[in-house]
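Morning, everyone. I have a few minutes on one structure, so please pull it up and follow along.

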Amino acid sequence: MERARLMGVTGPGGPGSGYAVGGRLVLTSAHVVARTDERVEVFRPGGDHAVGGVVVWCGTPGGRDDAALVLVDEGPWWQPLAGVVRWGRLVTDRPGTVCEGWGVPEVAQRSGAAVEAVQLTGVVNPGSGFVGNQYVMDLLQHPPQGSLAGSSPWGGLSGAAVFCGRLLTGVVASDRAYSGHGQLNVVPAYVLQHDPAFRTALAEHAGAASGLEAVEFQHLADPAPGTPWGGLRSPAALLQAGRQTVPFHGREDLIERMRAWCALGGFGAWLLHGPGGQGKTRLAHHLADLLAADRWAVLWPHPDATSAELREIRHTARPMLIVLDYAEIRAEQLTALIEAIADHPGTTPLKILLLARTAGDWWTHAKNITSLTQDYLDAARIHLLLPLEANPSNRREAYRQAVRALATALPHVHGYAEHDWPAMADTLTVPRLDLDAYGNALTLHMTALADLLDTAVPAAPTGGGAVRQAAEGVEDRLLGHEYRYWEQTATARGLVPRLTFDTLKTALAAAHLVGAADREQADQTWRSLPALADQTRDRRDAVTAWIAALYPATFEGRPWESLQPDRLAERHTGRILDADPALADHLLNDADHAQTGQLLTIYSRAAAHSVFQRRLDAHLTRLCTRNHRQLAGQIITTAVQTNHPAPLITALDAITADPTVTLDDLTTLNGWLPRSSRRLAESAVRLTQTITSHYRALAKVNPDAYLPDLATSLNNLSNRLGEVGRWEEGLAVIQQAVRIRNMLAETDPDAYLPDLATSLNNLSIRLGEMGRYEQGLAAIQAAVRIRRALAKVNPDAYLPDLATSLNNLSIRLGEMGRQQKGLDAIREAANHYRALAKLNPDAYLPDLAGALNNLSIRLGEMGRWEEGLAVAQEAADLYRSLVEANPDAFRSGLAHSLHNLSIRLGSVGRREEGLAAAQEAVRIRRALAEVNPDAYLPDLAGALINLSERLMALGRSEEALHPFQEALHIRRTYPKLFKTQQEWSSPPPVVMVGWMRTLHP
């Protein structure tokens, strides 16, 4: 709590307390002010001047929402405080959350003396008062003794703000009955935020509301996302998404879908990706504000939050949304969050919104880090955020809205209040906005801000020449204004002219590239720069203090934050690196693992800016090849994560082709490669081929020592070749691996039989890809024999592998028309999964459900429809139970099982029930396809065809035409999504002919 915000309020209901929450707005009690539009007086404790104010929102006096907002009159005696407070709610049921309140109760007042204040401390137990949507504050101080008859010694405390840590969590309403004045009733902040009129008043008079944060996890939260106005020294800060300077507009459909997703309950994950500045973070803030109305809390985890800390989120007992920004570089935190969610009871909604620039290999890797991440993230919703203003005709009005909003906000920036910004905004000419770049929300807003600033104060030059006047040069225009801010601050601190301004700009680029965990690490960075290495420690510390003043840290311990928005930091860093490529080498000398990763990430993002015309690509590639031993893992990791991987992939290929790079270095590099990666697939083939060549040469000289390594390398190479569609080469390679491992297993079966089974499994897949089904069947049969023997000796280790191979065997047998054998194999696999699921349901129930679904299909193929129906029903029931706990992860499986169930029901004449199951499958698959069309449109088409068949079986041929037409449209519009004929089923030929005549008369 801040002392300067403490207020007293006098209204028709008597004296009360208050708290300034932003601008001229004071929070107090409804029973103090009585009603909306009432005139009241507001004063500061110890002060001698009261000011008037009007009630702009009022809850119910004595009710659940006993609170009010007072707008203080404008005048010289009232100076609005900078910034707004942050709001929070308790999200767990754990007792003993420490809180504090501050007010002006009657017990502290003395006749003839100035109004005195009392600061109270206490604890809140969430279980007390929850039925009435109330908090109870148990005071830690000894309660006052004695009072006037019928009154409370805490009279006048009503309206006092209650804080838990830095979050305003409630408002004191009354002294709790029968507590001996030791407890206070508190109106929770979530009750207030539930009222749209309260939120409107808060947004209108105190800046944008920031939603509700999770009280118990505020130590994990990043304070930056919701940073309010106040103390602004840089106009660029107005563009930070958390400030919400420009009102949110557009994307109504997406917002409604996301709110509906939140309302589903249980766990859910949603990946929202798109280029920098597309509006991902801004949309997340808007969603958070809307969820506050539904009493949700929102947590934006800080990048430094540890895995152990994040796992504590499992205790959440209230609806909560976790927003993980820059998710592509936070896989470890995402894994910890999933582990927490796995321990969460699932009785309240707990959603994760992931924000990233891409949804490529990093996402595939993140989903497959552990079995838990696979289970919980495999069915996550994925949405590419398209340009906000794709239609050029809409951009003029969007530009004008941005100009007006920024003109209103600019007086809040230090040194910019003297200009008449609204008048400038009215006279500003709208530029040409027809280029595609202006569809990006941030580009449009940056252009509006740059145009406003240029009207009042010409910008300092930043380089770039004519490109500054184009859309791609708007970052340089804003940097010109930022440079003035930097230089003025440096001069005021005495850094200039003792250090050149170019040196300071280089230091800022270094700060963006590698950051610093503390001031000592910051000093280490300055000592790595030639221009600062010979300076005194005092002067280097002055550089740290200068940057900290420019961009103050929002998290304890760190010396500074980065320039925001990111694109400005990237452009400035890119300009410095373009002029001085050696800067990155200097910084690498003493950089730790985290700094190295940050350097490559920021460097690659800067290189993506088109103004550099690929010059930074070449610099970054050479940096990586020169320092490949130090950077091996980070090259791979960053290439998977960044939206501009080209220079890193080029470096990886150059390292692979360099004959001086040792096998150990190549093996280290290979160890960092993800198991599967579309982006790095070709590079992975080349690297694995090079490693295989090394082992082939070594095995030729010393087979006893290196044949096992050669076989492993060949096995890996086969998989890599298969990933890029080079199946014939992959088959030849895996055949070599099988021959070697077969020979090794003959001499030492205990050591090499498991590896042989793995290679045989892969051989079966390669043969199947080549259409050699009979040989593929023989290979998987051999793998099953080995794994059966291994599982007999050590079931804990090998039974899951045996079940997997039996499932594959069933598929191979089906391809060969050996239905009974295929049925036997999948039945055995299902039995194994049933036993495994009994011991470990979380791990194996999904596998059991999938195996049962396949078993029902095999039974149907054998004409054993009643048995198939019973198994299909069990599979569907299992999936329903899984969906209840984790809807996003298992809805696709449920749809698949319902599709199969509808066929089984139809086969036994239960056509109406079959139709209902088919309709439900279509509904689920339609919802999935809306979020991720590439993955689910083929499934939707199959479900639509099945639905049309169910309708035809009931004689409803007219209705059956529509789903068939929709399926045909999907098939024609997206042919590349249908990889095989198995992904497309057709209705009976007679029906198809009739419908085709309808479609093409």
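I will go through one set of paired strands and then one pair of helices.

Bear in mind that this is a predicted model.

Start with strand β7, residues 86-89. In a regular strand the side chains alternate between the two faces of the sheet. Here R86 and G88 point one way, while W87 and R89 point the other. Are these residues buried or exposed? All are buried, the two arginines R86 and R89 included.

β7 has two neighbours to look at. With strand β12, residues 167-175, β7 runs parallel, and 2 bridges join them. R86 has L167 as its bridge partner in β12, and W87 stands opposite L168. With strand β14, residues 212-214, β7 also pairs in the parallel sense, over 3 bridges. There the bridge partner of W87 is L212. So much for β7.

Now move over to β12. How many of its 9 residues are buried? The count is 7, so β12 is largely enclosed by the rest of the structure.

Besides β7, β12 pairs with strand β11, residues 161-164; these two run antiparallel and are joined by 4 bridges. In that pairing F163 stands opposite L168. L168 is also the residue that W87 of β7 stands opposite. β11 and β12 form a hairpin with 2 residues between them. In the turn, G165 has a positive phi of about 65°.

β12 also runs antiparallel to strand β13, residues 183-188, with 5 bridges joining them. V172 of β12 stands opposite V186 of β13.

Next, the helices. Two packed helices are described by the angle between their axes and the distance between the axes. For helix α14, residues 501-514, and helix α18, residues 566-579, the angle is about 120° and the axes are 9 Å apart. That makes α14 oblique to α18. The crossing of the two is left-handed.

Which residues of α14 and α18 meet? On the α14 side they are K505, T506, L508, A509, H512 and L513. On the α18 side they are A569, H572, T573, I576 and L577. By class, this contact has 6 nonpolar, 4 polar and 1 charged residues.

To recap, β12 pairs with β7 in parallel, and with β11 and β13 in the antiparallel sense. The helices α14 and α18 pack at an angle of about 120°. That is what I have.

Methods
Residues are numbered from 1 along each chain as its sequence is written. This is a predicted model: local features need pLDDT of at least 70, side-chain atom pairs count only at pLDDT 80 or more; totals for chains, interfaces and linings use all residues. Side-chain values use heavy atoms; hydrogens and water are left out. Axes are lines fitted to C-alpha atoms, for helices over the stretch in contact, and angles run from 0 to 180 degrees between N-to-C directions. Angles under 35 degrees count as roughly parallel, over 145 as roughly antiparallel, 65 to 115 as roughly perpendicular and the rest as oblique. A crossing is left-handed if the near helix is turned anticlockwise from the far one by less than a right angle, and right-handed if clockwise. Contact means heavy atoms within 4.5 Å. Ala, Val, Leu, Ile, Met, Phe, Trp, Tyr, Cys and Pro count as nonpolar, Asp, Glu, Lys and Arg as charged, and the others, Gly among them, as polar. Buried means under 20% relative accessible area, exposed over 50%, partly exposed in between (1.4 Å probe, protein chains only). Two strands pair if DSSP finds at least two bridges between them.
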